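Colleague: I have a chain open in the viewer and would like to talk it through with you before I set anything up. Could you take me around?

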Amino acid sequence: MGSGLAAGSVRSRYLVYFQYLGTDFNGVAAVRGAQRAAGVQNYLEEAAEGLKSVVPVKFTISSRTDAGVHALSNAAHLDVQRRSGQPPFSPEVLTQALNTHLRHPAIRVLKAFRVPSDFHARYSATSRTYLYRLATGCPQYDQLPVFERNRCWALQADCLDVAAMQEAAHHLLGTHDFSAFQSTGSPSSSSVRTLRRASVSPGPASPFVLPQESSCPPAVGSGGRRERPFPEGSQPCPELPTCWTDLGSHRKGPVGPWFRPSLTGRLRFWNLEFESQSFLYRQVRRMTAILVAVGLGTLTPTQVKMILESRDPLGRHQTRVAPAHGLFLKSVLYRDLEDLAAGSPACAQQECQGPPARAAPGRPEDFRACLAP
């Protein structure tokens, strides 16, 4: 394109939220060159070619994820430079156009917003939340529903010591040097991070688990009869696997000697969530692996504190890394997005180069609706 055309054109910056299943991708970042592997960014930028921008559109990704990692909501900013006399795309039109031109069914653009030209999707983010999904009660991988494969870490154990995991997670909260949970190759100059939230909780039941799969066959040596793991007239408490709830009085109590985890065989899902402004390379997967080790009884909560304080990423226990396919980027948040609402005079004046552009539609409440996608 000639420089004269570019000089009279209008450039607009957008923030877009998008989601993807990471199974088929070599991470979210673009893979350059003639390699066969591709990142999510490759497909997004290919779809953006349909916008006919004067300058090729490049996506600046907020949060990089590895191969196999999924995103319920990631974010990126991009600049679209239209020809002279053409108004900026509205956020709605931009979203629809990108989705129309996307060639991979595992990627979807959720929403777009106009932002000032100095907005940065990575450095302007104030919070990132990751979700890690675990499954227990699945002795063999082929017993996991096919719809849940590559979407959780299936543990062979029947249960987890959730209380111990929560205690261990508490040691990780706050501002620390997380060197012990950082993999080599991290571009960060500092390993100090502030972990605002680390939680371990029961996940929702999977709709893909059939009723006949909710319990395993009778144990060997039981004479074809399964030992009842809970008192007569009671059922497992939904909050914890180590207590029971009476169906009539709703009275709860600890399990007795009749409780044998190896015989329950109930497929259950667990959620681990971590929130921080930013994370180190593979920090979430390393913290998850350590907490799982605590839940299985391999480590104690006190040892997790010692690992954190050691600042040694090559120690005996901290080299564990949870599989990528159980990890989801859940949300990326930005402060005061309402002040960046599309159509504001300041935003329109800052973005325009050449003739004044028609402001794209948008309302402050639209921004608030996207803060927790």
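Modeller: What follows goes from the whole chain to its cores, then to some helices and a few single residues.

Colleague: Before that, what kind of model is this?

Modeller: This is a predicted model, and every value I quote is computed from it.

Colleague: Fine. How many helices and strands are in the chain?

Modeller: The chain has nine helices and 13 strands, and of its 373 residues 49% are buried. The accessible surface is about 18100 Å², with 52% of that area belonging to carbon and sulfur atoms.

Colleague: And how much of the contact set joins residues at least 24 apart?

Modeller: If you take the contacts between residues at least 6 apart in sequence, 73% of them join residues at least 24 apart.

Colleague: Which residues touch the most other members of the largest nonpolar core?

Modeller: Those are Phe 59 and Tyr 334, in a core of 79 residues. Helix H6, residues 283–295, gives the most to this core, with eight residues. A second, separate core has six residues, among them Ala 135, Cys 138, Cys 152 and Leu 267.

Colleague: Since H6 came up, at what angle do the axes of H4 and H6 cross?

Modeller: The axes of H6 and helix H4, which is residues 162–172, cross at roughly 145° and come within 8 Å, and the crossing is right-handed. On the H4 side the contact is made by Ala 164, Met 165, Ala 168, Ala 169 and Leu 172, while H6 brings Met 287, Leu 291, Val 292, Val 294 and Gly 295.

Colleague: What classes of residue are in that contact of H4 with H6?

Modeller: Nine of the residues are nonpolar and one is polar, with no charged residues.

Colleague: Switching to H2, why is that helix described as largely enclosed?

Modeller: Helix H2 spans residues 40–48, and seven of its nine residues are buried, so the rest of the structure largely encloses the helix. The buried ones are Val 40, Gln 41, Tyr 43, Leu 44, Glu 45, Ala 47 and Ala 48.

Colleague: What covers those buried residues of H2?

Modeller: The cover includes strands E1 (10–20), E2 (60–61) and E4 (107–115), together with helix H3 (91–101).

Colleague: Now some single residues; is His 317 buried or exposed?

Modeller: His 317 has a relative accessible area of 15%, and because the cut-off for buried is under 20%, His 317 counts as buried. Its place is the loop between helix H7 (301–310) and strand E13 (327–334), and, leaving aside neighbours within four places in sequence, His 317 is in contact with Ile 290, Leu 299, Gln 303 and Ile 307.

Colleague: And where does Asp 177 lie?

Modeller: Asp 177 lies in strand E7 and, at 18% relative accessibility, counts as buried. Not counting residues up to four places away in sequence, Asp 177 touches Ser 191, Val 192, Leu 308 and Arg 311. Thr 194 is 17 residues from Asp 177 along the chain, with 8.8 Å between their C-alpha atoms.

Colleague: Last one: which loop holds Ser 188, and what does it contact?

Modeller: Ser 188 is in the loop between strands E7 (174–177) and E8 (192–202), and at 27% relative accessibility Ser 188 is classed as partly exposed. Apart from neighbours within four places in sequence, Ser 188 is in contact with Arg 193 and Leu 280. Ser 188 and Tyr 281 are 93 residues apart in sequence, yet their C-alpha atoms are 8.2 Å apart in space.

Terms used: Residues numbered from 1 in each chain as written. Predicted model: local features only at pLDDT ≥ 70, side-chain atom pairs only at ≥ 80, totals over all residues. Heavy atoms only, no water. Buried < 20%, exposed > 50% of the residue type's maximum accessible area, 1.4 Å probe, protein only. Helix = DSSP H or I, 4+ residues; strand = E, 2+ residues; numbered from the N terminus. Contact = heavy atoms within 4.5 Å. Core = buried A, V, L, I, M, F, W, Y, C linked by side-chain atoms within 4.5 Å. Areas by Shrake-Rupley, 256 points an atom, 1.4 Å probe, with all protein chains shown as cover. Axes fitted to C-alpha atoms, helices over the stretch in contact; angles between N-to-C directions. Left-handed = near helix turned anticlockwise from the far one by under 90°. Nonpolar A, V, L, I, M, F, W, Y, C, P; charged D, E, K, R; others polar.
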